[in-house]
Amino acid sequence: MTTQSNTGITTKNVQFYYSKHHALHDVSLDFPSNKVTALIGPSGCGKSTFLRCLNRMNDLIPGTRVEGSILLDGQDIYASSLDVVELRRRVGMVFQRPNPFPKTIFENVAYGLRVNGLANQTEIGDRVEAALKRAAIWQEVKDRLDASALGLSGGQQQRLCIARALAVEPEVLLMDEPASALDPIATQKIEESIHELKSHLTIIIVTHNMQQAARVSDYTAFFYMGTLVEHGETDTLFTRPAKKQTEDYITGRFG
Amino acid sequence: MTAHDTHLHTQLTHLRTRLLVMCAEAREAVERACIALEEGNTPLAVQVIDHDHTINALENEIDSLALSILARAQPVARDLRFLVSTLRMAVDLERIGDEAVSIAERALLIQQDKDQCTSPQLRELMQVARRALQSALTAFQQEDMPLALQVSRGSADVTQLEVRLLHDSLPSPESAEPNSYGRQLHTMHQLLVARALTRIYGRAANIAEHAYFMVEGTSLKHKTHAEAQGQ
């Protein structure tokens with residue numbers, strides 16, 4: 001079982017380009033360890049682009065370019081010597097729509113462990129169980145681990161994907177609108193998981209749901225047109241934001 | 001960014017309008033009660049007592065509207081602060097209405113003894129309380145924060161006035177004036193009116209604090225003047 005993470009992420013003057021389109025402007029932000037930070041802002045503001053910079057997922061898009069620095073536990077994640085596969089183990093990701101493999105529930109979670117070279121069946125079994133428990137889905141699937149993951153409900157599939165990300169014991173978990181396709185009960189379960197998980201992980205979540213950001217996060221960052229407008233404690237940002245732009249957005253006065 | 005009104009903002013505007021109506025009703029009740037007392041106007045005193053149910057009904061209406069908005073729209077930031085302030089203000093305004101009724105009831109009782117007149121201290125207290133209420137409501141309506149701070153910090157003057165009135169109402173041992181039952185009764189009525197006016201002043205100070213919280217997002221409650229300035 002992973003103990004408390006001390007890993008935080010620091011970004012300094014991050015610029016991001018999709019070819020000639022300048023999508024992120026000079027974003028400097030600290031993500032403290034064992035805290036949940038929510039990234040909010042209107043569509044196209046750059047929050048998901050920024051999230052994907054944090055584990056180099058944008059590398060997969062041709063013509064993109066990053067400037068500035070992103071430090072994971074003090075180490076530059078864009079350094080040429082860095083192992084990107086290892087980076088993505090340390091910085092896991094959960095996407096908007098659940099994307100389980102067409103395999104059994106057990107194999108979905110065990111997959112990352114095997115890819116990372118673990119062969120001991122007992123250890124794999126233990127770690128799969130631990131990951132499913134931490135993702136709050138163990139009670140629902142423990143008697144059907146050999147069933148296809150595709151037979152699970154949307155909410156269960158998403159928690160399975162969280163378990164899959166947790167199995168390789170990441171230090172940071174990126175969540176890109178993880179509950180936007182789920183019903184309120186499934187959403188509540190995901191949010192409860194986030195509260196539990198932050199004792200072990202640093203979590204960064206992109207959400208369009210302002211109430212969700214207010215419910216789950218310790219810190220909130222508001223983006224607008226590729227710029228970080230305001231960042232601070234969620235309690236403060238949702239009760240007395242410093243910037244008028246933030247106030248207008250969170251109270252629905254523009255859009 | 002372009003501003004636009006949403007259903008939530010329409011609801012908030014409606015709530016604000018109802019709160020302003022309640023402010024006007026409470027202020028009017030206090031004005032009428034004071035005039036009834038000063039001028040011995042019995043019909044006006046009866047009118048204040050009979051009209052109190054309107055203020056009570058407004059409190060219920062505002063409670064219901066605010067709760068509905070909280071439950072259905074989950075407002076944040078300034079909208080949330082407005083709702084919290086509104087719920088608190090409605091309580092203070094309803095109590096101000098009750099104090100106006102209390103003054104009106106005393107006005108009717110004092111009327112029965114026409115030989116006794118209202119003391120100058122009580123008239124002064126009346127002016128101070130009415131002015132404070134008017135200022136607090138203006139501070140809320142116009143978001144005038146210096147005025148809100150001024151109202152929330154002036155309670156010492158009112159306490160002094162009340163103490164002076166109490167002192168002057170007590171018969172001195174050297175006084176040759178007979179301490180009749182009628183005079184004692186009149187003194188008691190005046191003291192009860194003074195109490196009601198002091199409470200109105202206290203509620204006005206609360207309203208000023210709610211207005212400050214709504215605009216600035218910080219609380220003035222249980223803070224000294226220096227603490228409030230430094231926060």
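The following exchange examines how several descriptions of this predicted model are justified.

Colleague: Why are H6(B) and H7(B) called roughly antiparallel to each other?

Modeller: Helix H6 (residues 155-169) of chain B and helix H7 (residues 181-216) of chain B pack at an angle of about 175°, with axes 10 Å apart. Angles over 145 degrees count as roughly antiparallel, and H6(B) and H7(B) are therefore given that description.

Colleague: Which residues make the contact, and what is its make-up by class?

Modeller: On the H6(B) side, the contributors include B:Val158, B:Glu162, B:Leu165 and B:Leu166. On the H7(B) side, B:Arg183, B:Leu191, B:Ala194 and B:Tyr201 are among them. The contact of H6(B) with H7(B) comprises six nonpolar, five polar and three charged residues.

Colleague: What is the secondary-structure content of the chain that holds these helices, chain B?

Modeller: Chain B has eight helices and zero strands. Of its 231 residues, 45% count as buried. Among contacts in chain B with a separation of 6 or more, 85% come from residues 24 or more positions apart.

Colleague: What makes B:Met214 a buried residue?

Modeller: The relative accessible area of B:Met214 is 3%. Buried means under 20%, so B:Met214 qualifies as buried. B:Met214 belongs to helix H7 of chain B. Apart from neighbours within four places in sequence, B:Met214 has contacts that include B:Arg78, B:Phe82 and B:Phe140. B:Met214 and B:Arg78 are 136 residues apart in sequence, yet their C-alpha atoms are 6.7 Å apart in space.

Colleague: Why is the aromatic pair of A:Phe50 and A:Phe223 called tilted?

Modeller: The two ring centres are 5.4 Å apart, with 40° between the planes. Rings pair if their centres lie within 6.5 Å, and planes under 30 degrees apart would count as stacked and over 60 as edge-to-face. The value of 40° for A:Phe50 and A:Phe223 meets neither of those criteria, so the pair is tilted.

Colleague: What does this pair tie together?

Modeller: A:Phe50 lies in helix H1 (residues 47-53) of chain A, and A:Phe223 in strand E9 (residues 219-224) of chain A, so the pair ties together parts that are 173 residues apart in sequence. Both A:Phe50 and A:Phe223 are buried. With A:Phe31, these residues form one aromatic cluster.

Colleague: How do you know that the charged end of A:Arg164 sits over the ring of A:Phe101?

Modeller: The charged end of A:Arg164 is 4.2 Å from the centre of that ring, and the distance criterion is within 6 Å, alongside an angular one of within 35 degrees of the ring normal. In chain B, B:Arg88 lies over the face of B:Phe213, at 5.7 Å from the ring centre.

Colleague: Why is A:Met225 called exposed, whereas A:Glu169 is called partly exposed?

Modeller: A:Met225 has a relative accessible area of 57%, and exposed means over 50%, so A:Met225 is exposed. A:Glu169 has 28% relative accessibility and therefore counts as partly exposed, between the limits of 20% and 50%. A:Met225 has a positive phi of about 50° although it is not a glycine, and phi of A:Glu169 is near 55°.

Colleague: What is the exposure class of A:Arg240, and which residues does A:Arg240 touch?

Modeller: With a relative accessible area of 41%, A:Arg240 is partly exposed. A:Arg240 touches B:Arg81, B:Glu216, B:Gly217 and B:Thr218, leaving out residues up to four places away in sequence.

Conventions. Residues numbered from 1 in each chain as written. Chains lettered and ligands numbered in written order. Predicted model: local features only at pLDDT ≥ 70, side-chain atom pairs only at ≥ 80, totals over all residues. Heavy atoms only, no water. Axes fitted to C-alpha atoms, helices over the stretch in contact; angles between N-to-C directions. Helix = DSSP H or I, 4+ residues; strand = E, 2+ residues; numbered from the N terminus. Parallel < 35°, antiparallel > 145°, perpendicular 65-115°, else oblique. Contact = heavy atoms within 4.5 Å. Nonpolar A, V, L, I, M, F, W, Y, C, P; charged D, E, K, R; others polar. Phe/Tyr/Trp six-rings, centres within 6.5 Å; stacked < 30°, edge-to-face > 60°. Buried < 20%, exposed > 50% of the residue type's maximum accessible area, 1.4 Å probe, protein only.
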